[in-house]
Amino acid sequence: LDDVTVAAGLDQAPVEVEVVTDSRTGVMAVPVTALLALAEGGYAVEVDDGNGATRLVAVDPGMYADNLVEITAQGLQPGDLVVVP
């Protein structure tokens, strides 16, 4: 508690605890639903080139959290538009 006086007189109370076991900062992440399983194995995302065309970019998924997945890929930059079905 930031102010222990607010708990004066309490000997028990229900609490909600969130345990974070791992985290990442400064990574690229996309919605999990943007991942496409490739027939030859692995994953890709479909990138909108902005001119009506799309291309598949192979990605290596990392940590999953809150419906997002961390990805690393060559040929993909922060700010690229990823197709989400």
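In this predicted model, Glu70 is a buried residue, with a relative accessible area of 14%. The residue is placed in strand 5, which spans residues 68–72. Glu70 counts as buried because its relative accessibility of 14% falls under the 20% cut-off. Apart from neighbours within four places in sequence, the contacts of Glu70 are Arg24, Val27, Met28, Ala29, Asp60, Pro61, Gly62 and Met63. With one of these residues, Arg24, the side chain of Glu70 makes a polar contact of 3.3 Å.

The pairing of Glu70 with Arg24 is also a salt bridge, with an N to O distance of 3.3 Å. Since Glu70 belongs to strand 5 and Arg24 to the segment before strand 1, this pair ties together parts of the chain that are 46 residues apart in sequence. Arg24 takes part in a further salt bridge, in which its side chain meets that of Asp22 at 3.2 Å, N to O. Asp22, Arg24 and Glu70 are thereby linked in a network of salt bridges. The members of this network vary in exposure: Glu70 is buried at 14%, whereas Arg24 is partly exposed at 44% relative accessibility and Asp22 is partly exposed at 45%.

In total, the structure holds 3 salt bridges. Besides the two pairs described above, the side chains of Arg55 and Asp49 meet in a salt bridge of 2.9 Å, N to O. Arg55 is partly exposed, with a relative accessible area of 32%. Its partner Asp49 is likewise partly exposed, at 39% relative accessibility.

The nonpolar interior was examined next. In soluble globular proteins, nonpolar side chains tend to be buried together. In the present model, the largest nonpolar core comprises 10 residues, namely Val30, Ala34, Leu35, Val45, Val47, Val57, Val59, Val69, Ile71 and Leu76. Two or more residues of this core are given by each of strand 3 (43–48), strand 4 (54–65) and strand 5. Strand 5 is also the element in which Glu70 is placed. Within the core, Val45 illustrates the surroundings of a single member: leaving out residues up to four places away in sequence, Val45 touches Val30, Ala34, Leu35, Arg55, Leu56, Val57, Val59, Leu76 and Val82. Arg55, one of the residues touched by Val45, is the residue that forms the salt bridge with Asp49.

Nonpolar residues are also found at the surface. Leu1, Val4 and Val6 form a nonpolar surface patch, and their accessible area together is about 360 Å². Val6 lies in the segment before strand 1, the strand that covers residues 28–31. With a relative accessibility of 59%, Val6 counts as exposed, because this value is over 50%. The segment before strand 1 contains Arg24 as well.

A further exposed position is Ala39, whose relative accessible area is 87%. Ala39 is located in the loop between strand 2 (36–37) and strand 3. The separation between Ala39 and Pro61 amounts to 22 residues in sequence and 16 Å in space, taken from C-alpha to C-alpha. Pro61 is itself among the residues in contact with Glu70.

Terms used
Residues are numbered from 1 along each chain as its sequence is written. This is a predicted model: local features need pLDDT of at least 70, side-chain atom pairs count only at pLDDT 80 or more; totals for chains, interfaces and linings use all residues. Side-chain values use heavy atoms; hydrogens and water are left out. Helices (H or I, at least four residues) and strands (E, at least two) are DSSP runs, numbered from the N terminus. Buried means under 20% relative accessible area, exposed over 50%, partly exposed in between (1.4 Å probe, protein chains only). A polar contact is a pair of N or O atoms within 3.5 Å; within protein, one must be able to donate a hydrogen and the other to accept it, and residues adjacent in sequence count only if both atoms are side-chain atoms. Contact means heavy atoms within 4.5 Å. Patches are made of residues with over 30% relative accessible area and no salt bridge: like charges are joined within 9 Å, nonpolar side chains (Val, Leu, Ile, Met, Phe, Trp, Tyr) within 5 Å. Accessible areas come from the Shrake-Rupley method with a 1.4 Å probe; for residues, only the protein chains shown count as cover. A salt bridge is a side-chain nitrogen of Lys or Arg within 4 Å of a carboxyl oxygen of Asp or Glu. A nonpolar core is a set of buried Ala, Val, Leu, Ile, Met, Phe, Trp, Tyr and Cys residues joined through side-chain atoms within 4.5 Å.
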